[in-house]
Amino acid sequence: MSENLIGYIDDQGNIIDTQSAGDSCTATPVEYDNSDAALEIIRHSTAHLMAQAITELYPNSQFFVGPVVDEGFYYDFRVDEKIGEDDLKTIEKKMKDLIKKKYKIEKYEISKSEALEKFANDDLKQKVMSRITDDVLSVYKQGEFEDLCRGPHVPALRFLHNFKLTRVAGAYLGGDENAEMLTRIYGIAFADKEALNEHMLMLEEAKKRDHRKIGNEMELFMFNEEAGAGLPFWLPKGARLRNKLEAILHKAHRTRGYEPVRGPEILKSQMWHTSGHFACYGENMYLTEIDGQEYGLKPMNCIGHIQIFKHSGKSYRDLPLRYYEYGTVHRHEKSGVLHGLLRVREFAQDDAHIFCTPDQIKSVILEVVEFVDSVMKLFNFNYTMEVATKPEKAIGDDAVWELATQGIKDALTENNLPFDIDEGGGAFYGPKIDVKITDALGRKWQCGTVQVDFNLPERFNAEYVGEDNERHSPVMIHRAILGSFERFIAILTEHYAGEFPFFLAPVQVIFVPIAESHVAYANKLKAELLYKDIDADVYDKNDSLNKRVRNAEKQRVPYVVIIGDEEVANKTVAIRDRRAKEQYNLTQDEFMVKLTQQLQEGKI
C-alpha cells in the first residue's frame, strides 16, 4: 500500500487496502494525512493500540468504550492497579514495542448472540452490547488483542507512530454518577511527527493560559466545595471584569433596539411541562416543592420572556420585539464534567428573545449575525457557523421544522455567509445556528447560538394581531452571543493569557508611589480615573519599590505608573506600557485623554 494512502473506505465503513481494492474499486480513498477523515481513523486505531498495551501491562484490565473526541481519543477501562500520570510513559513504550511486531489490524463479524457468549465473563462488554441494536457486530483484532468496534481502523499498526498519551482521569461508567468509577486515559495522534510536536507545544501553552490558574493569580474568581461544586464566586477583580463586559453588551443591545426585561429564577413545574423542557431536559433541572406544588429552577430564560410578551396585547406593528436579560440559570451538570468556569451548574446567559412574523425571520437572523460579527471582531476572534437540524428528542411537526430550518439556510445563503450542517444538533424546540470561535491557540469553542422556534409561542398561546386583523402566533428567535458570561470569560482569559485589552481589564492602571510623599498624588489620580470609569489601584505598601513593581506586573495590568518627586512637581506620570512594551512620560492631562480614548475601543 502507498505510504500516502491508508486505504479505501467502502459503504459499510470498512477499510480496504490498495492490493485488495483492484483497479475497478469505487470506494473512497483515504489519504494518510491530517485531514478530519484520516485523523478519525488514525485516532480510533491508536485508542485500540493503547488498550492492547494496557492489556499486556495489566492483564486483569477490562475495557468499556474508546471513542474519538475533539481533544483526541480516550479509553475507559477497569483495572485493579492505580494508574497515574507517571505510568503513561510506560504505556507509550509498550505501544511502540507492539508497533515493531508489525501486527495487521483485522476485522471480523459475529452475530450479537455469539458476541454475548464470547464476552460472557466481561460485564463491561455486556454493558456496551446492551446499547447496540444491530444483529451483527464487528470485532477488530491485532495480535492477541481484540475488541468490539464499528471501525474503521487503519490496516496495520505501522500507521500509528505519532501519538502521545496526555492525561489520566476518572470517569463514571456510562456517565452515571451512581455507577462505578473507571480509569480513563486520554491521548492524541497525528499522521506526522511535526503535527504532533506542534500540538504538544499548543498543549503546553494552554497549561500556562489555563483560566483556573490565571484566575487564581489575578484573583478573579473562586470555588468552594463546601458551598457546592460548580458554583462560582466572583472576587472583586473578577466582578469588575464581568461588569465591564456586561456594560459593553448593555449598550450594544440598547442601540440595536432591545429592551431589558427580567424574569423569576423559579417557576411552577407545570410551566416546564407545557414548554417541553421537562420531557426533553428534566434530568438537568433542579426541582423543589413550595406550598404543596412542585417548582423548577429555570435552566433557560425563554418561558419568562413569553409571559412578558403576553402581558399586553401586541400588533404586527410592534414586531419584531426584542427582549434581553442576563438571566441566571441552573443546570444539573454531572460532577465529572465540571471544569472551572467552562462547565458550571449556575451561570448567566446573555440571553435575548426576538418575537417576529414569519416574513421577518431572514432579516432578524441577519441582524443577529451582524451583532455576533461585531462582538467577535471586538475580541479578535475568527468564527464559523453551523446550522443544526432537528434532533431525535424534539417537539413540533416536521413541516414546521423544515420551514424554520430552510428560513435559516436561506438567510445565510442569500447573503453569502458560509455555514456547515450539524445533522440532529438542533434544540428540542427548533433548528439553530451555532457560532464556533477560534482562540489565539487555534482551539475551537462553541459560544453563541441563534434558534428559530415556532413551537413555544404556540404552546403558551402567545399571539399578535396581524395585518389581516386575525390572531397569529409569533415566531420566537432565541439568541445568545457570548453563550454565558462564565464560559466566555474563561475563553477570553485563555485567549488573552490574562492580558485583557484596556477596556476590559479588571485593573487598568496601577500607581506605584516611590515614597510616602507621593501617595497623595497617586490617590488623586486614582480618584479621577474612577470618575471616568477606569479602575486603578495604588501599591503603597511598605515593600521595596522593585517588589511593588514586580507585584504590579504579575497582575497583567495594562499600565504601571511610577510616581516620584518629578511627577508630583510637574503633574506628570512615568508610564510602563505593558501592552506596547514601552516606557514613556506624559502629562497628567495627556494621560487622562489617552486612557479615555482607549476606553472607547470597547464599543460595539
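The buried residues of helix α6 are covered by elements that include β10 (163-172), β11 (181-189), α7 (211-217) and α15 (485-496). In this predicted model, the residues of α6 that count as buried are A195, L196, H199, M202, A206 and R209. They cover an arc of only 135° around the axis, so they sit on the same side of α6. Turn the helix round and you find the face directed away from its buried side, with the exposed residues K193, E194, L201, K207 and K208. A general point helps in reading such patterns: an α-helix has 3.6 residues a turn, so residues three or four places apart point the same way. The length of α6 (residues 193-209) also fits, because 17 residues at 1.5 Å each should span 24 Å and the end C-alpha atoms are 24 Å apart.

Let us now step back to the whole protein. It has 19 helices and 31 strands, and its C-alpha trace spans about 85 × 75 × 55 Å along the principal axes. Of its 604 residues, 52% count as buried. Among contacts between residues at least 6 apart in sequence, 69% join residues at least 24 apart.

Helix α19 can be read in the manner of α6. Its buried residues are Q588, F591, M592, L595 and Q598. Seen down the axis of α19, these fall within an arc of 130°, so they line one face of the helix. The exposed residues D589 and Q597 are carried by the face turned away from that buried side. Packed against the buried residues of α19 are β27 (509-513), α16, β29 (559-563), β30 (572-577) and β31 (582-587). As for its length, the twelve residues should span 16 Å at 1.5 Å a residue, and the end C-alpha atoms are 17 Å apart, which agrees.

The pairing with α16 deserves a closer look. Helix α16 (residues 519-531) and helix α19 (residues 588-599) pack at an angle of about 35°, their axes being 11 Å apart. Their crossing is right-handed. On the α16 side the contact is made by Y521, K524, L525, E528 and L529, and on the α19 side by Q588, M592 and L595. By type, the residues of this contact divide into five nonpolar, one polar and two charged.

Where does I563 lie? It lies in strand β29. I563 is buried, with a relative accessible area of 0%. Leaving aside neighbours within four places in sequence, I563 is in contact with a set of residues that includes Y521, A522 and L525, along with F511, V512, P513 and V573. I563 and S517 are 46 residues apart in sequence, and their C-alpha atoms are 9.8 Å apart in space.

Finally, here are some backbone details in the loops.

| Residue | Backbone feature | Loop |
|---|---|---|
| P152 | cis peptide bond with G151, omega about 0° | between β9 (145-148) and β10 |
| P320 | cis peptide bond from L319, omega near 0° | between α11 (302-310) and β18 (321-330) |
| D291 | positive phi of about 50° | between β16 (287-290) and β17 (293-297) |
| D533 | positive phi of about 65° | between α16 and β28 (536-538) |

Neither D291 nor D533 is a glycine. D291 is exposed, with a relative accessible area of 77%. D533 is exposed too, with a relative accessible area of 59%.

Notes
Residues numbered from 1 in each chain as written. Predicted model: local features only at pLDDT ≥ 70, side-chain atom pairs only at ≥ 80, totals over all residues. Heavy atoms only, no water. Axes fitted to C-alpha atoms, helices over the stretch in contact; angles between N-to-C directions. Helix = DSSP H or I, 4+ residues; strand = E, 2+ residues; numbered from the N terminus. Left-handed = near helix turned anticlockwise from the far one by under 90°. Contact = heavy atoms within 4.5 Å. Nonpolar A, V, L, I, M, F, W, Y, C, P; charged D, E, K, R; others polar. Expected span 1.5 Å × (residues − 1). Buried < 20%, exposed > 50% of the residue type's maximum accessible area, 1.4 Å probe, protein only. Arc of directions from axis to C-beta.
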